[in-house]
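Reader: Could you take me through one part of this model up close? I'd love a friendly walk around the aromatic rings and whatever sits beside them.

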Amino acid sequence: MTAVRQWDGFAAIESDVRAIVADPRWAALPPPARAQAVALRVLDTPDGGRWLFGAHARWYRQDPADGRWHLSPPPADRETRAGARIVRTTSMIMPHLVPSGPDFAVDRGSVQGFVGPDVPYEITERVRALVVAQRGRRREDFPVHGSFAELFAPEVASPVAAVWGTLMWCAYAPAFDGNEVLLSMFGEFLTRPLPGDEWVRWLAPVPLDDLIALYGERVRAGHPEAGLRLVALMADTAQAVRGDRRFRPRAEALPAMVAPILRRTGEDVSAAHLGDDEVRRLWLSRCPVHVALAESSPGDRFQHALYDLVEALAFLAPKGADPRAVAGSLLAADVAAHAPRAADGLYPWLDPELRHILHVVLTDPGHPLRGCWPRSGGAASSASSVSSGGFSTGSSPAPSSAGPAVLPSALHPPDRASAAALLGAAYATGLAWCRLTGTSVPERGFATASALVHRLAHERDDPLPGVSKVPGVSGTYPRHF
């Protein structure tokens with residue numbers, strides 16, 4: 001007798017929505033018809049949740065208190081997914097929730113950090129060639145300002161800063177192995193050690209505004225050709241690293257953003273004379289929606305990073321744990337360890353369930369989900385174990401700075417790739433909530449990401465292969481200096 005396959009409402013609706021958005025006729029539909037198509041596929045779950053699969057090929061959950069839809073990872077529990085039923089919704093589906101079409105085709109790249117899997121040799125060599133070519137540039141011709149001036153030695157010119165800034169802007173989660181070649185090649189140019197320790201360099205992303213400022217300053221100083229050269233160097237750097245999926249989404253977006261400057265057909269020179277904000281507006285108008293959204297809305301960036309964190313914890317679902325609850329607990333661990341008051345700025349951006357988890361885990365020292373928090377010394381050896389209800393623990397200490405902390409054994413990722421993904425997603429989430437709340441980034445990393453270092457630090461470095469081509473990237477690239 002053939003086994004009956006259990007209904008999974010979330011998988012069914014996601015498959016259906018993807019199919020209709022992929023249909024060439026979707027782009028021709030008027031906006032109200034698209035919104036109606038999404039509304040006809042809303043799900044209700046037995047716990048009272050209401051869900052839709054919409055823009056950016058991601059799930060949203062409705063807040064029953066005010067009717068707003070929050071970006072929210074779907075439940076992993078099989079019974080909840082099997083109990084989901086399609087329901088007609090009378091609430092209006094706002095345009096920003098409706099798939100446009102191209103947003104479903106976006107390559108999200110990889111959420112892995114740069115601890116564990118190395119940057120491929122051929123990529124580092126391409127970046128090295130770009131960096132070496134900038135030695136001896138005169139700072140009088142290419143001055144350095146702002147945060148770059150604090151990072152680089154007084155004699156270093158802005159082309160080096162342009163390469164560095166592009167790498168840090170393109171990286172999904174700029175947490176790097178302490179011996180990563182991509183960083184060590186900049187050692188001769190730095191004025192101080194990078195933040196972190198001998199194991200990991202916990203770096204802050206370079207804002208797009210800092211890259212724009214390099215270009216805008218040269219244009220306003222009467223040297224537009226120097227500005228063009230800096231932009232060309234940014235584009236070359238992005239092209240050099242796009243073969244690594246940890247850089248790819250932004251590395252593919254940046255050349256498109258600056259292409260009119262390189263073709264000398266854009267309005268960027270005129271915009272630069274009006275100020276960097278005008279240049280920023282032009283650049284963002286040329287890039288994919290997901291990149292523009294992350295740059296223009298810190299709240300949306302935080303939501304997407306937390307969504308990535310839940311997905312990076314998907315390996316827990318077969319063990320009976322809820323990745324959403326664990327992600328909420330780990331978020332609480334990071335906030336509690338670094339900036340407890342920042343939580344007030346995060347609650348409005350969370351769906352009702354995650355908002356509740358963050359609040360109760362932060363305020364209740366005995367809450368069971370604190371068993372997910374990183375702990376140091378012998379506490380880790382008695383780590384929590386997964387049960388059908390989630391995590392059952394004894395004591396639940398807050399994150400401690402006494403000795404290296406590790407995650408409970410039940411949360412250990414199964415392999416290096418998944419550990420690097422969890423570290424990267426956790427670090428990106430930390431960077432996102434710091435940006436959203438105006439909190440400084442801790443130089444020693446966040447509690448969760450730091451607790452994963454032990455899982456990766458003693459792994460052997462990737463062997464150096466023979467230099468091979470990265471798909472889609474030519475073996476040579478233009479030199480503009």
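Author: Phe10, Trp51, Phe53, Trp59 and Phe104 are joined into a cluster by ring pairs. This is a predicted model, and it holds 13 aromatic pairs. One of them is formed by Phe114 and Phe247, and it is worth a slower look. Their ring centres lie 4.9 Å apart, with 40° between the planes, which makes the pair tilted. Phe114 belongs to the loop between strand S5 (85-86) and helix H4 (121-132), while Phe247 is in the loop between H9 and H10, so this pair ties together parts that are 133 residues apart in sequence. Are these two residues buried or exposed? Phe114 and Phe247 are both buried.

Now on to Arg246, found in the loop between helix H9 (224-241) and helix H10 (248-262). Arg246 counts as buried because its relative accessibility is 4%, and the cut-off for that word is under 20%. What does its side chain meet there? A polar atom of the Arg246 side chain lies 2.8 Å from the backbone oxygen of Pro117. Leaving aside neighbours within four places in sequence, the contacts of Arg246 include Phe114, Pro117, Asp118, Val119 and Pro120. Arg246 also touches Ser110, Gln112 and Gly113, along with Cys170, Ala171 and Tyr172.

One more arginine and ring round off the tour. Arg250 lies over the face of Trp169, and the distance to the ring centre is 4.7 Å.

Key. Residues are numbered from 1 along each chain as its sequence is written. This is a predicted model: local features need pLDDT of at least 70, side-chain atom pairs count only at pLDDT 80 or more; totals for chains, interfaces and linings use all residues. Side-chain values use heavy atoms; hydrogens and water are left out. Helices (H or I, at least four residues) and strands (E, at least two) are DSSP runs, numbered from the N terminus. Buried means under 20% relative accessible area, exposed over 50%, partly exposed in between (1.4 Å probe, protein chains only). A polar contact is a pair of N or O atoms within 3.5 Å; within protein, one must be able to donate a hydrogen and the other to accept it, and residues adjacent in sequence count only if both atoms are side-chain atoms. Contact means heavy atoms within 4.5 Å. Rings of Phe, Tyr and Trp (its six-membered ring) pair if their centres lie within 6.5 Å; planes under 30 degrees apart count as stacked, over 60 as edge-to-face and the rest as tilted. A charge sits over a ring if NZ of Lys or CZ of Arg is within 6 Å of the ring centre and within 35 degrees of the ring normal.
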